[in-house]
Every structure is written in structure tokens, then in C-alpha cells.
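Work through these exercises with the structure open beside you. Try each task before you read its solution.

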Amino acid sequence: MFKYIIKRIFTLIPVFFAMSIIIFGISQMTPGNMVDIKLAQNASLKQADREIMRIALTKKYGLDKPIHERYVIWLKNTFTGDLGETVDGKPVTQALAEPMKNTIILNLFVILISLTISIIVGIKSAVKKGKLYDRFWQVFSLVGTSMPTFFIGIILIFIVAINLKLLPTGGMPSVRLEGLSYFVELLRHMILPIITLTIGSLAGTVRYVRNAMVDALNQDYIRTARSKGLSEKVVVYSHAFKNALIPVVTIVIGSIGGLFAGSSITETVFSWNGLGSRLVSAINARDWGIVMAVNLFTAAIYLLTNFITDIAYALVDPRVKLS
Amino acid sequence: MKKKTIFGKLFSKKEVVIKEVDNSKIITPGQAVFNNFKSNKLAVTGLFMFILVVATVFIGSALLKFDENYVQTTLQNIAPGANYLKAPASLNGNVKKIVSGTSFSYAIDKSNKLHYWGVDVDGALKVPEKLKSKSFSDIAVSDNHVVAVDSNGELHLWGNNSGRQLELDEVTERKVSTGQVKKVIAGRLYSGVVMENKQIHVWGTNSLEQIALKTDWKTRVVDAVALPENIILLLDDGSVKVTGINILSSSLPESLANGEKKVVKIAGAYLNGLALTADNELISWGGSHRGLEITKQYDKKIKDIVGGYAVFHILFEDGTVETLGTTAVYGEQLSVKENVDTIYAGYFQNYAVMKDNTIKPWGLKGFLLGSDEFGRDVFVRLVHGGKTSLLVGIVAVLISTFIGLLIGTIAGFVGGVVDNVLMRFSEIVTSIPFLPLLITLSSIIGTRLTQNQRMYLVMVIIGVLSWVGLARLVRGQILVEREKDFVLAARALGIRQYKIILKHILPSVLSIAIVNMSLSYGGMMLTEAGLSFLGFGVMPPTPTWGNMLNGAQKAEVIQFYWWRWVFPALAVFITVLAVNLAGDGIRDAVDPKANEK
């Protein structure tokens with residue numbers, strides 16, 4: 001197992017470097033660099049002073065160096081936690097701390113809820129294959145995958161927030177609140193985005209869990225277990241589900257990356273101050289420092305979840321590491 | 001046939017029946033797939049729905065005229081309804097006056113009762129309950145409010161009040177209630193009355209210039225025409241005055257302003273004025289390039305002149321009508337030509353009362369699915385936007401299928417180092433966070449491109465980033481197929497490698513590709529919609545279902561203008577659902593066990 005992990009880490013390295021080159025490359029394509037932005041902010045300066053400032057800034061941001069050196073410097077800075085500056089001069093890490101916290105909170109809830117529901121529903125659908133219950137969830141997942149996320153979000157806002165006035169339409173709780181009341185407000189603000197993201201995520205995973213379970217229930221060892229006279233409960237939960245868990249684990253972990261990357265739309269619809277909506281607003285404000293950092297973060301999450309998926313797969317299915 | 005006994009069955013000679021092979025019962029795999037698909041009702045429904053959507057979009061966009069840059073803010077955010085011209089039948093032969101706002105009309109019949117129809121804007125069509133049975137002597141409407149005077153000379157105002165145009169101050173109120181009201185007027189954000197004693201009172205508005213009346217005009221007014229940004233006044237000496245500061249007021253001919261020409265009738269379009277003098281001469285002024293200039297005089301005696309938003313109708317004594325105006329796009333020019341008794345026009349609606357007392361309406365019928373923030377017809381944009389949405393999805397799917405097939409096939413066949421490199425490469429592509437990168441790329445590259453190039457860029461980016469799944473499937477399939485016996489047999493027969501690939505392995509790979517295409521098409525459409533919703537996809541004014549939803553990021557639009565988001569989102573949803581149903585059906589037809597795994 002240890003050897004497999006090491007091997008997997010080694011294959012991760014080139015992928016990581018390729019990723020970093022792509023992201024760095026994109027950052028070099030962005031129109032308007034830091035020097036231009038800073039100069040534009042100091043437009044009142046005299047021409048001569050502006051020239052001095054330009055030279056000083058070019059040196060400061062290392063724009064006088066050739067591109068490969070800049071890449072190395074950027075990589076080194078990134079590893080030491082220096083992700084550069086935003087347009088208004090704050091460190092990117094500081095600007096992104098709050099959105100990152102919010103995104104993680106939101107996605108943790110979504111993952112937990114959607115995992116629980118999809119496992120319960122998936123197993124029950126597989127057991128009741130072809131019955132009304134199964135049909136209902138088949139339709140649900142079909143509708144869920146066909147529905148644009150923002151449509152779900154807007155409908156929820158329209159019905160729950162605007163017409164029934166049960167929950168806020170979006171945004172974050174007031175910073176002046178403290179303690180328990182802040183937490184309650186946070187929950188109230190989170191409910192609609194969580195439902196939206198969960199529906200989107202459930203639509204895919206329920207179907208996946210169900211198919212994995214159906215597959216497991218068709219295996220010979222299930223017939224054996226049944227013929228031994230084991231109760232249906234033991235057969236389903238102990239024999240079938242354990243084996244169905246393999247694909248379930250992979251799909252669930254694999255979907256984490258997608259959740260983080262895909263919540264731009266949901267976060268924008270609900271004005272949730274997370275990474276996704278921050279990305280959108282940063283692009284609109286041409287704040288490339290933030291854009292690159294968010295891209296880097298989501299890419300890292302992707303790589304990490306891919307890696308964990310593989311390891312998990314190998315853990316539960318020893319055949320994997322042999323091939 | 002005689003029934004055989006059991007002995008007969010056992011001992012009689014067996015009849016040898018040569019069964020002919022029934023050719024019709026042997027089916028090719030293609031037919032089997034087709035039959036499977038046909039027996040799946042849901043899938044057939046999905047396919048049918050999809051074909052219906054495609055047909056509606058393509059045939060509809062060929063039939064419906066569409067100018068993507070058209071803007072008419074006067075008509076913005078009007079709720080669905082196509083009944084603007086549906087005047088009640090009880091008005092036939094009974095009309096005293098018809099006035100029209102943008103999407104609604106009011107009429108007073110000969111017994112002074114009120115009639116109204118159309119689609120409400122800001123409550124302009126919500127007649128207060130106590131007024132419904134009252135009799136009225138005059139009524140005027142702006143684009144969003146109503147001024148009416150009842151038979152007792154009492155004023156009633158309702159509708160939009162954002163310019164405080166519904167609120168009379170006490171002085172004006174007293175003046176109005178003590179005098180005799182001759183005519184009421186209503187323009188954008190202002191209301192007014194012309195009194196029998198030639199006084200005029202105007203109130204409301206956010207821009208004072210719009211209704212600024214000189215003191216010596218105020219007591220000599222015999223007629224007034226309320227326009228969105230001006231008031232045209234006819235004074236008792238036959239001179240014409242115009243309020244406001246714009247082309248309409250600045251271009252007023254001197255001969256009209258100083259009373260040299262004796263004017264008897266005035267009419268106004270949005271930024272144009274028209275005056276009829278006592279000697280049957282027409283004089284026009286105001287905004288150019290609208291085809292509203294008088295280029296020739298008429299010999300026939302003119303009975304009346306009326307103005308809509310972008311048209312003038314000239315009604316002659318003999319019942320014929322001449323219509324001016326080239327920028328009218330809602331069919332206002334399509335006028336009735338003869339036997340007209342009276343003609344009414346307001347904004348984009350026109351009503352002619354014929355000599356036989358019937359009412360002939362023409363002009364803007366309404367917006368089936370409402371209008372958006374620029375006054376564009378949501379239905380027309382939906383039909384034309386569908387073309388772009390469907391196209392973006394198809395091109396993206398083709399691109400991703402091509403790359404996926406190519407890379408998957410190469411990796412599967414060549415194997416070794418090439419396979420390893422390609423798989424690592426595909427891993428890199430999957431690790432690229434799809435949406436963030438898509439957003440970033442399209443915003444960076446997109447700024448340097450034209451409208452159309454940008455649309456293609458979106459297709460290419462979506463396609464280029466989403467081939468990995470297919471490539472892996474294809475590679476896996478090839479690895480399995482290539483070990484099968486028939487390939488070994490083909491190889492043993494000495495068939496060349498490329499022929500084995502083309503003839504024996506690719507067909508099975510192709511079926512995977514087709515299934516994958518149909519299943520991913522919906523996803524691509526959703527991606528485009530999401531991207532355009534955020535404002536990073538296809539840019540307006542080119543409509544797509546996604547960017548039509550861009551406005552729905554505002555709570556105000558979600559709450560008040562539901563038709564602007566419900567219809568485009570439903571269009572996306574229904575189309576993607578249809579595609580997914582059909583795609584599921586194709587998958588099940590190709591591989592009936594797929595859904596069981």
C-alpha cells in the first residue's frame with residue numbers, strides 16, 4: 001500500500017507542474033499588469049515621477065526578469081504562502097480568508113447532507129428496483145441533472161424568500177451579530193444555497209449509488225447469503241452495501257472538487273461571499289491576483305480529491321494497485 | 001388438421017417440416033437498437049420534444065423578424081399578454097374617445113362609461129373600484145398612469161406616482177374644482193388639465209424643464225398635447241408653443257411660434273410635432289430621420305391629425321387616411337386607408353372608427369411572453385436565442401467528441417509510453433477546475449474578440465475542456481475489444497492493423513461515442529447557460545437562453561418581472577430534459593444492461 005501511495009505521488013508531481021504552468025501562463029495573458037494598475041491609481045503624479053515609479057514597480061513585481069525566472073519566483077512565493085496582492089494592495093491570502101471559510105462551511109454541509117441522503121435513497125431504490133419509490137428518484141435525478149442550477153436557486157428565492165418571506169434572499173449575516181444569533185442568522189442564510197447545491201449534487205449521486213447497489217445485489221455472493229437464510233437486512237446492509245461502497249466513495253470524493261469549482265453560480269445567485277462569487281467579482285474588477293489564487297486553490301482541491309479517490313479505491317479494492 | 005391420438009403421436013412417421021428462415025425476423029444490431037429505442041416511450045417522447053424545440057427555434061427564427069440591436073425602453077418590463085388591441089365589442093358604434101398607453105387602452109363610450117383593456121403597467125390598469133361605474137367626460141394616459149375627469153368635473157388619478165404626478169397641490173386642486181375642465185393630459189411622470197377658461201395646470205415630473213410653462217402661455221391655452229418629454233401647446237391666437245429642452249422645442253418653426261400661421265390642430269409623436277393651419281397646410285418639426293416630415297401638402301381637406309409614438313395619421317374629410325413614419329416597427333403604418341370616421345393613436349396602438357361604426361385596431365398586439373428591460377419581445381428573443389444555445393452545445397459536443405475519440409483511440413491502440421503520457425495529460429485536463437478556468441479564459445481572451453468570435457470561443461473552450469470522460473471510455477473499450485477472439489482471428493488471417501481498427505474495433509467504440517454525445521449535449525447546454533448567466537458566455541445583444549437570464553441576478557427582476565427569467569430558464573430546462581431523456585434512451589438501446597450496472 002505504501003509503495004502504491006508513493007508511486008501515485010510521483011505521478012502527481014508532473015501533473016501538478018503542468019497545472020501550475022497553465023495557471024501561470026493564463027496569469028501572464030491577462031490584460032493590464034500590476035504596474036499599469038498601480039500607475040493608473042496614481043494618475044495625478046508628474047510624468048517624470050511616473051517613470052521613476054514605473055521602474056521601481058517593475059523591479060518590485062519582477063517584471064524586468066525573463067518569463068521562466070518569473071515562473072520560478074511565482075512558484076516559490078506560492079509555496080511560501082505569498083499569493084501576491086489584490087488591486088487595492090491587500091495580500092491575496094488575507095482577502096480570500098473569509099470567502100474560503102464561507103465556501104468550505106457551505107460545501108461541508110452540502111457534502112454531508114447529499115452523502116447521507118444519496119446513500120439512504122440509493123440503497124432503498126436499489127432494493128425496491130422498478131417500484132414507485134425507485135421511479136420517483138429516477139425522475140428526480142433526471143430532472144435534477146436537466147435543471148440549470150441558477151433556475152433552482154431563483155425558484156427557491158422567488159418562492160421561499162420573496163413570496164413566503166421565510167428566509168433571506170441571499171447575502172451574508174450582518175457582521176454586528178455575535179455568538180448564537182450570528183450562528184442562527186448564518187444558518188438562515190445558508191439554507192437556500194445548501195438546498196440548491198444539494199439538489200444538483202444529489203441528482204448525480206443518487207443514481208450512482210443506486211446503480212452500484214443494483215449491481216452488488218445481482219452478485220453471486222448475495223444469492224449465497226440469501227440461501228444461507230440471512231435476514232434481508234443483513235444481506236442488504238452488510239453484504240451488498242459494503243461492496244457497493246467502493247464506487248460510492250469514489251464518486252462522492254470525486255464530486256467534492258466539482259462542488260467547489262461549480263459553486264460560482266449558486267454563490268452568485270445567493271450573493272454568498274464565497275470563493276466562487278469572489279472569483280466572478282474579481283474577474284469583473286480585473287483583479288487577477290485573486291482570480292489566479294482561486295484557480296490555484298480549486299485546482300489543488302481537484303488534484304487532492306483525485307489522489308484521495310485513487311488511494312481510497314486501492315484501499316477498498318486490493319486489485320487496483322496490482323494493475 | 002385431424003387431431004392425433006397419443007399413439008399416433010408416438011408411432012406415426014414424423015412429418016418433416018422444413019422451416020423456412022423468416023428473413024423479416026432476423027434483425028441487424030442497428031435495427032435492434034432502433035427497436036429498443038422505439039419501445040422506450042420516455043425516450044421517444046424526449047426525442048420528439050427535442051425535435052419540436054429545434055423545429056420551433058429554427059422555423060420560428062426564420063419567420064419572426066428580429067433586430068438584435070433594437071431598443072425601445074418605453075416598452076420595458078411589460079408583463080406577458082397579447083391583448084393590447086382587443087377592444088371590447090360593446091364599444092362598436094359607441095366610441096366617444098380612445099386613449100392608449102404603452103400596453104393598455106382606455107375608452108369612454110357615448111354614455112360616458114369607462115372601458116379598458118390591455119396589460120397593466122404600474123397599476124395604470126387597476127381602476128379604483130368606486131370609479132368603475134362613474135361616468136367620465138375626459139381621460140388621458142401616459143406610459144404608466146391615468147388622469148380622468150368625471151362628469152362632475154372631479155379629477156381622478158391612478159397608476160405610477162414616481163414623479164408625484166398623482167398628487168395635486170391644494171391651490172391647483174381648488175382651481176380645478178372651481179373651473180370647468182376642458183381636457184386632461186398625461187405625459188411621462190406628469191399630469192395636467194386644460195380649463196375652459198384657457199388656463200392650464202400641470203404637476204408632477206422629475207425634470208422641471210419638461211413642463212416649464214411661461215406665464216403668458218398659462219392663461220391662453222386652447223389645446224395641449226402631452227408627449228413623453230414635452231408638452232405642445234396651442235394658444236388662442238393660433239400660435240404653437242413647446243415646453244422642454246430638446247430637438248422638439250428647439251426646432252419649432254418661427255412661423256408657428258409667433259402665430260404667423262394660424263394653427264387649428266396640433267399632434268405630436270415622441271420627438272416630433274405636427275400642426276394643421278386654418279388654410280389646410282401641414283407643418284412638421286422635431287427629430288429627424290423618422291419619416292415624419294411633411295414633404296408635400298395635400299389638396300384634400302384635412303379633418304384631423306393624430307400622433308402615435310413614431311407615426312402621424314392624417315385623416316381627410318373624405319375618410320381616407322395618410323400615414324407617415326418609417327421607424328414604426330410594430331405595424332403602425334399598416335393603416336386602414338378608407339371610410340374612416342375618427343382615428344385614435346397612442347404609443348404603438350392605433351384605432352380607427354369606421355364610417356359603419358366598427359372599430360379597426362392595428363399596431364402593437366402585445367408581447368406573448370412579456371418584454372425585457374430594453375422593451376424587447378421575450379418570445380422573439382427566446383426563439384432566436386435558442387438558435388445560439390442549441391448551436392453552442394452541438395459544436396462543443398462535436399469538438400469534445402472528436403478530441404475524445406482521437407486521444408482515446410491513440411492511447412488504447414498505441415499503448416506504452418504514448419498511452420501513459422496521454423493519460424497523464426487527460427488527468428491534467430480533468431484537474432483543471434472547469435468552471436473557474438472557463439470563466440477566466442473567456443473573460444481574458446473574450447475582450448479582444450468580436451461578438452461572433454466570442455460565441456465560437458465559448459464553444460471551443462467548453463469542447464476542449466470536456467473530452468476526458470469520453471477519451472477514457474474509448475481507451476477502456478479498446479483495451480477490452482482488442483483482446484477479444486475475433487480480433488485475434490482477424491489478426492491470424494493477416495488483416496492489417498489499421499483495417500482491424502477501422503472495421504472491427506471502431507464500430508463498438510462509435511456506439512459509445514454516440515451515447516456519450518447524446519448524454520453530454522445537455523450538460524454542455526447547461527454549461528453555456530450558466531456561463532452566459534454569469535455574463536462570461538455569449539454576450540448580449542446576441543441572445544442566448546443563458547444571457548437572457550443575466551438580469552435575474554437582481555432580486556428586483558426575480559420578484560417583479562418573473563417572465564424575464566421563468567421562460568428562458570424553462571426553455572433550457574425542457575430542452576435539456578428532452579435531450580437527457582433521449583440520451584438515456586439511446587444508451588439503454590445500445591446497451592440494455594447499462595442502467596443495471
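**Exercise 1. A loop residue with a positive phi**

Task: Place N339(B) in chain B, then decide whether N339(B) is buried, partly exposed or exposed.

Solution. Keep in mind that this is a predicted model.
- Step 1: N339(B) sits in the loop between β18 (321-324) and β19 (340-346) of chain B.
- Step 2: Check the backbone. N339(B) is not a glycine, yet its phi is positive, near 60°.
- Step 3: Read the accessibility. The relative value is 48%, so N339(B) counts as partly exposed. The partly exposed class ends at 50%.

**Exercise 2. Another positive phi, in chain A**

Task: Find the loop that holds K165(A), and state whether K165(A) is buried or exposed.

Solution.
- Step 1: Look between α7 (149-163) and α8 (179-217) of chain A; K165(A) is in that loop.
- Step 2: Phi of K165(A) is about 55°, a positive value, although K165(A) is not a glycine.
- Step 3: The relative accessibility of K165(A) is 64%, so K165(A) counts as exposed. The cut-off for exposed is over 50%.

**Exercise 3. The make-up of chain A**

Task: How many helices and strands are there in chain A?

Solution.
- Step 1: Count the elements. Chain A has 13 helices and zero strands. Its pattern along the sequence is α-α-α-α-α-α-α-α-α-α-α-α-α.
- Step 2: Take the dimensions. The C-alpha trace of chain A spans about 90 × 55 × 35 Å along its principal axes.
- Step 3: Ask how much is buried. Chain A has 323 residues, and 45% of them count as buried.
- Step 4: Turn to contacts in chain A with a separation of 6 or more. Of these, 72% come from residues 24 or more positions apart.

**Exercise 4. Two domains**

Task: What area is buried between domain 1 and domain 2 of chain A?

Solution.
- Step 1: Set the bounds. Domain 1 of chain A covers 2-79, and domain 2 covers 95-316.
- Step 2: Locate the centres. Taken over C-alpha atoms, the centres of the two domains of chain A are 34 Å apart.
- Step 3: List the partners. In chain A, 17 residues of domain 1 touch 12 residues of domain 2.
- Step 4: Give the area. About 1,200 Å² is buried between these domains of chain A, and carbon and sulfur atoms give 85% of it.
- Step 5: Pick out the main contributors. Y4(A), R8(A) and I23(A) supply 35% of the area that domain 1 of chain A buries against domain 2, more than any other three residues.

**Exercise 5. Two helices that cross**

Task: At roughly what angle do the axes of α5 and α11 of chain A cross?

Solution.
- Step 1: Find helix α5 (residues 92-127) and helix α11 (residues 275-284) of chain A. Their axes come within 8 Å and cross at roughly 140°.
- Step 2: Classify the angle. That makes α5(A) oblique to α11(A). Roughly antiparallel would need an angle over 145 degrees.
- Step 3: Sort the residues of this contact between α5(A) and α11(A): five are nonpolar, two polar and one charged.
- Step 4: Name the residues. From α5(A) come A95(A), L96(A), P99(A), M100(A) and T103(A); from α11(A) come L275(A), G276(A) and R278(A).

**Exercise 6. A helix residue and its contacts**

Task: Which residues does A529(B) contact, leaving aside neighbours within four places in sequence?

Solution.
- Step 1: A529(B) belongs to helix α13 of chain B.
- Step 2: A529(B) has a relative accessible area of 1% and is buried.
- Step 3: The contacts of A529(B), with those neighbours left aside, are F150(A), G546(B) and V572(B).

Note on methods. Residues are numbered from 1 along each chain as its sequence is written. Chains are lettered from A and ligands numbered from 1 in the order in which they are written. This is a predicted model: local features need pLDDT of at least 70, side-chain atom pairs count only at pLDDT 80 or more; totals for chains, interfaces and linings use all residues. Side-chain values use heavy atoms; hydrogens and water are left out. Axes are lines fitted to C-alpha atoms, for helices over the stretch in contact, and angles run from 0 to 180 degrees between N-to-C directions. Helices (H or I, at least four residues) and strands (E, at least two) are DSSP runs, numbered from the N terminus. Angles under 35 degrees count as roughly parallel, over 145 as roughly antiparallel, 65 to 115 as roughly perpendicular and the rest as oblique. Contact means heavy atoms within 4.5 Å. Ala, Val, Leu, Ile, Met, Phe, Trp, Tyr, Cys and Pro count as nonpolar, Asp, Glu, Lys and Arg as charged, and the others, Gly among them, as polar. Buried means under 20% relative accessible area, exposed over 50%, partly exposed in between (1.4 Å probe, protein chains only). Domain bounds come from an automatic or database domain assignment. Buried area is the accessible area (1.4 Å probe) that two parts lose on being put together, summed over both.
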